[in-house]
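Dear colleague,

Please find below the structure I am handing over to you. My findings follow directly after it.

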Amino acid sequence: MEKLKKRWGIQSNFQIIVICVVFAITGSSSVYVAKPFLQWIGLARDAFPATIWGGGLYWTLRIFLIFPFYQVLLVIFGWLFGQFKFFWSFEKKMLSRMGLGFLFK
């Protein structure tokens, strides 16, 4: 636990628990939100052909939509749980490693 606290720059074990809870809630929520969003923009599952490539296209689109939802929800839930500073720096580091660091300049 001490290595993790030092690496993340946090002080208490309670913060580790809160951070893990935020990661869990964010992952579940981003998957949950993607389906109604696709229906809202008119790309529900039944809009795709019943063939294997239709299902593959739908799931590929849904997985690609989960990523931006996850990024936004991570910061929102981090703020709600009082860990905004940690998750904002985590977000900037993750996006800069993916080549999207120009968004924060």
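Contact here means heavy atoms within 4.5 Å. By that criterion, S29 touches L73 and F77, not counting residues up to four places away in sequence. S29 lies in helix α2, where helices (H or I, at least four residues) are DSSP runs numbered from the N terminus. Because its relative accessibility is 18%, S29 counts as buried (under 20% relative accessible area, with a 1.4 Å probe and protein chains only).

This is a predicted model, in which local features need pLDDT of at least 70 and side-chain atom pairs count only at pLDDT 80 or more, while totals for chains, interfaces and linings use all residues. Residues are numbered from 1 along each chain as its sequence is written, and side-chain values use heavy atoms, leaving out hydrogens and water.

As to confidence, pLDDT (the predictor's confidence in each residue, from 0 to 100) averages 85 over the protein chain, and 95% of the residues score at least 70. Among the elements, helix α1 (residues 2-8) has the lowest mean, 82, and helix α2 (residues 13-40) the highest, 90.

Helix α2 also packs against helix α4 (residues 84-97), at an angle of about 55° and with the axes 11 Å apart. The axes are lines fitted to C-alpha atoms over the stretch in contact, and angles run from 0 to 180 degrees between N-to-C directions. The two helices, α2 and α4, are therefore oblique to each other (neither under 35 degrees, nor over 145, nor 65 to 115). In this packing, I19, V22 and F23 of α2 meet F86, F87 and F90 of α4.

Yours sincerely

Definitions and conventions: Buried < 20%, exposed > 50% of the residue type's maximum accessible area, 1.4 Å probe, protein only.
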